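Please open the model in a viewer and keep the selection panel at hand. The tour proceeds from one selection to the next and states what is found at each stop.

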Amino acid sequence: MSDTVKFLNVEVRNLTADQLLEQLDSGVLVTPNIDHLVKLQSDSDFYAAYRDAEWVVCDSRILRQCSRLLRNSLPEAIPGSSFFTRYYTYHAKNEDCRIFLLGAAPGVGEKAMENINNSVGRKIIVGSYSPPYGFEKDEAECDRIVRMLNASDANVVLVGLGAPKQEKWIYRYRKEVPGVKLWMALGATIDFEAGNIKRAPRWVQYLCMEWFYRFLKEPRRMFRRYFIDDPVFFYYFLLQLLGLYRNPFGEK
């Protein structure tokens, strides 16, 4: 079995959630879904961030089903939001695991921190911060966040800012926070942990319809993503199956 499965211009790790838990100790974790793969066809900075990440793991059950049409198929999808719960539970008694939550709206990170620490029974989440809108373009604010992370004693940072912002921010600033050995770019995970957003029922997830559940919850925000932008993936994937796909950034 190959170590990776290639979707368009991205090599996805071929492993299970249990294997990921056992192996994940350092680097950057990104979790591609269909929306990411579409953006990775036109956003060179996003692509650079993906190329720099040590752990590229399938977030999407739809991608997992698509992989069955390839030479190697993925054993399972590993949605980032549910994986994070397993991660901190797995490290509940590991005093060397100290996590910082960066992202979500004001107050949400604090609620997530309270919920997680109560669940684990210790202060595994050592801090949280909700950056202001547009902070990524404010060098002074980014420097302040870097100082905050360096002072927090965290060695794991979950960045929940949405793609591609979160991946680009990690790519730019990870080397300025040497005490952090593991970065996770996990979208709305902080909201899920705070109870601010509900995951789709398991039967909906099983049917690969979680995207539609999210659309029903936020139709105005999600319409363009799910009905205009993301369907382009299937065109690119067909080209890949036919041997006609070419990486827009020229790399093989």
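Begin by selecting alanine 104, which is buried because its relative accessible area is 18% (buried means under 20% relative accessible area, exposed over 50%, and partly exposed in between, with a 1.4 Å probe and protein chains only). Alanine 104 sits in the loop between strand E5 (99–103) and H6; helices (H or I, at least four residues) and strands (E, at least two) are DSSP runs, numbered from the N terminus. Although alanine 104 is not a glycine, its phi is positive, at about 70 degrees. Most residues other than glycine have a negative phi, and most peptide bonds are trans.

Before moving on, note that this is a predicted model, in which local features need pLDDT of at least 70 and side-chain atom pairs count only at pLDDT 80 or more, while totals for chains, interfaces and linings use all residues. Residues are numbered from 1 along each chain as its sequence is written, and side-chain values use heavy atoms, with hydrogens and water left out.

**Backbone stops**

Select aspartate 153 next. This residue is placed in the loop between H7 and E7, and it has a positive phi of about 70 degrees without being a glycine.

Continue to proline 164, in the loop between strand E7 (156–160) and helix H8 (165–173). Display the peptide bond that leads from alanine 163 to proline 164: this bond is cis, with omega near 5 degrees.

**Two buried glutamates**

Select glutamate 141, in helix H7 (residues 139–152). Glutamate 141 counts as buried because its relative accessible area is 10%. Which residues is glutamate 141 in contact with, leaving aside its neighbours within four places in sequence? They are Tyr129, Pro131, Pro132 and Phe135, where contact means heavy atoms within 4.5 Å.

Then select glutamate 193, which lies in helix H9 (residues 189–194). With a relative accessible area of 13%, glutamate 193 is also buried. Apart from neighbours within four places in sequence, glutamate 193 contacts Ser81, Phe84, Thr85, Tyr88, Ala112, Asn115 and Ile116. A distance monitor between the C-alpha atoms of glutamate 193 and alanine 105 spans 13 Å, and the two residues are 88 residues apart along the chain.

**Two loop residues**

Select alanine 188, in the loop between strand E8 (182–185) and H9. Its relative accessibility is 23%, so alanine 188 counts as partly exposed. Add serine 81 to the selection: the C-alpha atoms of alanine 188 and serine 81 are separated by 7.2 Å, with their positions 107 residues apart along the chain.

Go next to glycine 121, in the loop between helix H6 (108–120) and strand E6 (125–129). Is glycine 121 buried or exposed? It counts as exposed, because its relative accessibility is 63%. Measured against sequence separation, lysine 93 is a useful partner to display: glycine 121 and lysine 93 are 28 residues apart in sequence and 8.9 Å apart in space, C-alpha to C-alpha.

**Cysteines**

Select cysteine 58, which is buried at a relative accessible area of 3%. The closest cysteine sulfur to that of cysteine 58 belongs to cysteine 66 and is 9.2 Å away, too far for a bond. A disulfide is taken as a pair of cysteine sulfur atoms within 2.5 Å, and by this rule the count comes to 0 disulfides. Cysteine 97 may be selected as well; at 2% relative accessibility, it counts as buried.

**The whole chain**

Finally, clear the selection and view the full chain, whose secondary structure comes to 13 helices and 8 strands. The C-alpha trace spans about 50 × 40 × 40 Å along its principal axes. The radius of gyration of the chain is 18 Å, which agrees with the value near 18 Å for a compact globule of 252 residues; this radius is taken over C-alpha atoms, and the globule rule is 2.2 Å times the number of residues to the power 0.38.

Colour by accessibility: of the 252 residues, 50% count as buried. Among contacts between residues at least 6 apart in sequence, 73% join residues at least 24 apart.
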